[in-house]
Amino acid sequence: MSSASLDRIVINRLRRSRKQRVLIAALIAIVVAIFALALSYGQSLTPPGEVIRVLLGENVPGAAFTVGQLRLPRAVISVLAGLSFGFGGVAFQVMLRNPLASPDIIGISSGASAAAVFAIVVLSLKGPVVSILAIVAGLGVALVVYGLSYRNGVSGTRLILVGIGVSAMLESFIAYTLSQAPAWSLQEAVRWLTGSVNGAQLAQAAPLLMALLVFGGVLLSRARDLEALRLGDDTAAALGVSVSRTRVIIIVAAVGMIASATAVTGPIAFVAFLSGPIAARIVGSNGPVLIAAALIGAVLVLAGDYAGQFLLPGRYPVGIVTGVLGAPYLIVLIVRANRIGGSS
Amino acid sequence: MTVHTLTATALRAGYGETDILHGLDLAVPPGKITAIVGANACGKSTLLRAMSRLLAPRQGHVVLDGRSVHNTPSRELARTLGLLPQSPVAPEGITVADLVSRGRHPHQRLFSRWTRKDDEAVDRALSATKTTELAERSVDELSGGQRQRVWIAMALAQETDILLLDEPTTFLDISHQVEVLDLLSDLNHSRATTVVMVLHDLNLAARYADFLVAMREGRIHVCGAPEDVLTEDNVLDVFGLESRIITDPTSGRPIMLPIGRHRIATANAEDGMFR
Amino acid sequence: MTASSTQTPASAGANPDRGLRLLGLGALLLVLCATSVMVGTRSVGWFDISEALAGKVDTIGRAAVTVRIPRTLLAVVAGAALGLSGAVMQGVTRNPLADPGILGVNMGASLAVVIGVAWFNITSAEAYIWTAILGAGCAAVFVYCIGSLGRGKATPLKLALAGAATSVAFSSLVIAVVLPRNDIAGGIRSWQIGGVGGATFERIMPVLPFLVIGFAISLLSARKLNSLALGDELAAGLGERVALARAVASLGAILLCGATTAICGPIGFVGLVVPHLCRQLVGVDHRWLLPFATVAGACLLVAADIFGRIVARPAELDVGIVTALVGAPFFIAIVRRQRVREL
């Protein structure tokens, strides 16, 4: 054993992790920056000093309402939802070893949306009940897709394809329900479906934060196993990962996070899909992709909402912005993903 | 190095509705190199997978040191028993050092940090497989032989006393095959690692293995020392092939010469020259 | 997917059998058509039908008939086109999961039509059809190209994923294009569902020439598809010009599903389910499979339309919904049955 080679290994490893830490710190800084921007500059410019005073609880006339009631809840929900979508989405993509295998495509989002549309149009419900139904449906669909793809174990390929089939059914159900909906509930349903943080309340932040901490914590605790899964089911099992148990845990945690976020904001197109690949471009696909993707999700939702409100002609909800900008990038991604190779 | 006993008893296993192994008994000799040979689809890979807990047996047990393999938690098992499966997947763009360090997975607890011991294990693995110079290169760029050595390095970083390898030489050219087999022999001699590998090439198996297992249709047809297993009758039974067995002058082990229908010298030619 | 049929294409003994089955399917189609005309929110008897055909539309029942006949006709034609198109696509891509819906082709046609309506104010039927065909063609080429990149050829999984992701991207673009245009939003949304309601002869006529050409090209590609089924290298070894054969067959399929989407909106899963069922009946020889898929597709869509009219009385369940709700479980069943390596 040569000590020179050992030192080189250690040095390279330390250098790699230092670079990763710097990148993550930069991403956090970006999130904070956009958050601060969203709090200070909207229809009017609120000087940073006043923003901070409002945050500390002071009742600054004028600013307290704008910052405290309008901008703050919006920004907080955006960050939490973005973290959830990004984190949940990348977990699926890493687990299934395929960047195109996103909860958006394999039925989770469709399930939550179908439940919400059903609740709004058919059951004439509103508010938190709709959200709860959406969460339950998201988890239920995940369970169904997993169960349907189980045949001596679950292969990633089968899971994805079954998800595509289930998603098609749900989408047609949604289309039908919308076509039969009376005007006023149609509007509400469509509004829910486009995904936005309009009318966000700070009260919604608490449960979302809880979900993020609980499910996110579970995912982080499995991060190493998830990394091992990237080497193929057999190799991971050989390294001591119990593949099916880890898969189930990751699916439950990821779906839980995404469903919770969807329950609050509706499905925000493409954030779950794109955060992972963008993160992989920035920190490398073998780096801290999970955390980077969560942060990028937050960036996408924050920036998307801000752009939709102030940078575009007309006000658009964040779901539209991410959808329109996401579509071309998604196409680039498909091209690149297939060029490199898909799942096994 | 501790001596481990790995035995399979009355093992019945398979996929879907069919059984591939029909009640098989095998005692892997500790500290030796065992090679499993047999015709296609006779169950060699299935046996390896059943012994490494990748496949649950329908009947029978696989026992490691007196404990059933299936009652042992995966992580604990992975510290003693390592497996290199048939087609491992290398994540895109991963460096050699990074991939080899994945082998330390079973030694790391939930929140454990990377320790010096881990680095040393990686370094030892790299130097044993002579891949130290490749440490910072991307695995995608390597040749077939180099890549296989890197995978073996990852299995070595796991620091297990038993190493199972499913067809480690199948897609390599002859020089790389010999390279890998020499490496496994080094390991066996220096660390007394028990090696069990599935091989296609009968002659290489006879040369490098201490214990040869010939399988046929889900059962062990015969097992033992290469001289005892590699006989003309056994080759006929297991592969349906006529052959002549002679002794390899380089290694002293048996060599199987296949007899087909063409290009065969007449029976009188003892010196083997074609007429 | 290999040509694993044990019947040789020219096995004389099987022909009468298959011929009989085809006749049987044809008879089924006639029965279904008759049912379709008779059944609905208001049931109608034979006498009323014959009176209505003779031109006397004095009762509501007979008026209903005049609405149902073109609707049934459209269902027959559209179903045949989609069934055939799916069979051809599965042959061209050697992929058991190919279907205009899954491969994003329908969505491409939709996007093209939506852009045409929103930005170019197209109104004529011909314009709709050409736009839809253009969109379908572009989407097909796009999805196939990117599905073929990378390790391995265009495996079913890669194509399905490329198609699904492309559909998602395109539908997002559709929303983006439609959003500022409240005037057309409602119309687009109902068109997007895919149905044969509101059909009239005037609306069907313009699309017939495209469909006829599409049928002709597709049916004539049967022998080429048989060669392609052996794999590109073997087919070329047998003297087939692979790229040309693929292009021609695909052209036929695209004409069929583009034209259908232009009139009916995107209807999915017919192209997936019908070829699979027909393969059970008639084997993998495309010279039989394609005609079977044509007739069976027509049967399926007419049956779906009848079902949609009955099950949600007095409202209607559009055909696109029925095929998705029935076809998706079928798709899942196929996926479950295939061994993973084949996917």
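In the hairpin of β4(B) and β5(B), D65(B) takes a positive phi near 50°, with two residues between the strands. Helices and strands here are DSSP runs numbered from the N terminus (helices are H or I with at least four residues, strands are E with at least two). This is a predicted model, where local features need pLDDT of at least 70, side-chain atom pairs count only at pLDDT 80 or more, and totals for chains, interfaces and linings use all residues. Residues are numbered from 1 along each chain as its sequence is written, while chains are lettered from A and ligands numbered from 1 in the order in which they are written.

**Around the hairpin in chain B**

Let's stay with that hairpin for a moment. β4(B) and β5 (residues 67-68) of chain B pair in the antiparallel sense over two bridges, and L64(B) stands opposite R67(B) in β5(B). Two strands count as paired if DSSP finds at least two bridges between them. β4 (residues 59-64) of chain B also has an antiparallel link to β1 (residues 6-13) of chain B, this time through five bridges. There, T7(B) has V63(B) of β4(B) as its bridge partner.

What holds strands like these together? Strands of a sheet pair through backbone hydrogen bonds, either parallel or antiparallel.

**The six-stranded sheet**

Chain B also has an open sheet of six strands, in the order β6-β7-β8-β3-β9-β10, with mixed pairing. At its edges sit β6 (81-84) and β10 (219-224) of chain B, each pairing on one side only. From one strand to the next, the twist averages 15°; axes are lines fitted to C-alpha atoms (for helices over the stretch in contact), and angles run from 0 to 180 degrees between N-to-C directions. Inside this sheet, β7(B) and β8 (residues 194-198) of chain B run parallel and are joined by five bridges. One pair to look for is L165(B) with its bridge partner M197(B) in β8(B).

**Two domains in chain B**

Chain B is divided into domain 1 (1-80 + 162-230) and domain 2 (83-159), with bounds that come from an automatic or database domain assignment. Taken over C-alpha atoms, the domain centres are 22 Å apart. In the contact between them, 18 residues of domain 1 of chain B meet 15 residues of domain 2 of chain B. Two residues are in contact if their C-beta atoms, placed from the backbone, lie within 7 Å.

On the domain 1 side, the elements giving two or more residues are α2 (74-80), β7 (162-166) and α6 (174-191) of chain B. α6(B) has the largest share, five residues.

**How the chains meet**

Which two chains share the most contacts? Of the two pairs of chains in contact, chains A and C do. Here 38 residues of chain C are in contact with 37 residues of chain A. On the chain C side, α5 (125-148), α6 (156-178), α7 (182-193) and α15 (319-337) of chain C each give two or more residues, and α6(C) gives the most, with 14 residues.

The contact of chain A with chain B takes 27 residues from chain A and 33 residues from chain B. On the chain A side, the elements that give two or more residues are α1 (3-40), α9 (223-229) and α10 (233-238) of chain A, and the largest share, five residues, comes from α1(A). Chain B and chain C have no contact, and their closest C-alpha atoms lie 10 Å apart.

Here is the make-up of three of these contact sides. Ala, Val, Leu, Ile, Met, Phe, Trp, Tyr, Cys and Pro count as nonpolar, Asp, Glu, Lys and Arg as charged, and the others, Gly among them, as polar.

| Side | Nonpolar | Polar | Charged |
|---|---|---|---|
| Chain C, touching chain A | 26 residues | eight residues | four residues |
| Chain A, touching chain B | 11 residues | 13 residues | three residues |
| Domain 1 of chain B, touching domain 2 of chain B | 10 residues | three residues | five residues |

**Chain C, and how sure the predictor is**

Chain C has 15 helices and zero strands. Of its 343 residues, 55% count as buried, that is, with 20 or more other C-beta atoms (placed from the backbone) within 10 Å of their own; exposed residues have 12 or fewer, and partly exposed ones lie in between. Among the contacts in chain C with a separation of 6 or more, 77% come from residues 24 or more positions apart.

As for confidence, pLDDT is the predictor's score for each residue, from 0 to 100. Chain C averages a pLDDT of 81, and 87% of the residues score at least 70. Over residues 1-13 of chain C pLDDT stays under 50, and the model has 14 contacts beyond four places in sequence for that stretch. Chain A averages a pLDDT of 85, with 96% of the residues at 70 or above. Among the elements of chain A, α13 (residues 289-311) has the highest mean pLDDT (92) and α14 (residues 318-340) the lowest (76). For the complex, the predictor gives an ipTM of 0.82 and a pTM of 0.82.
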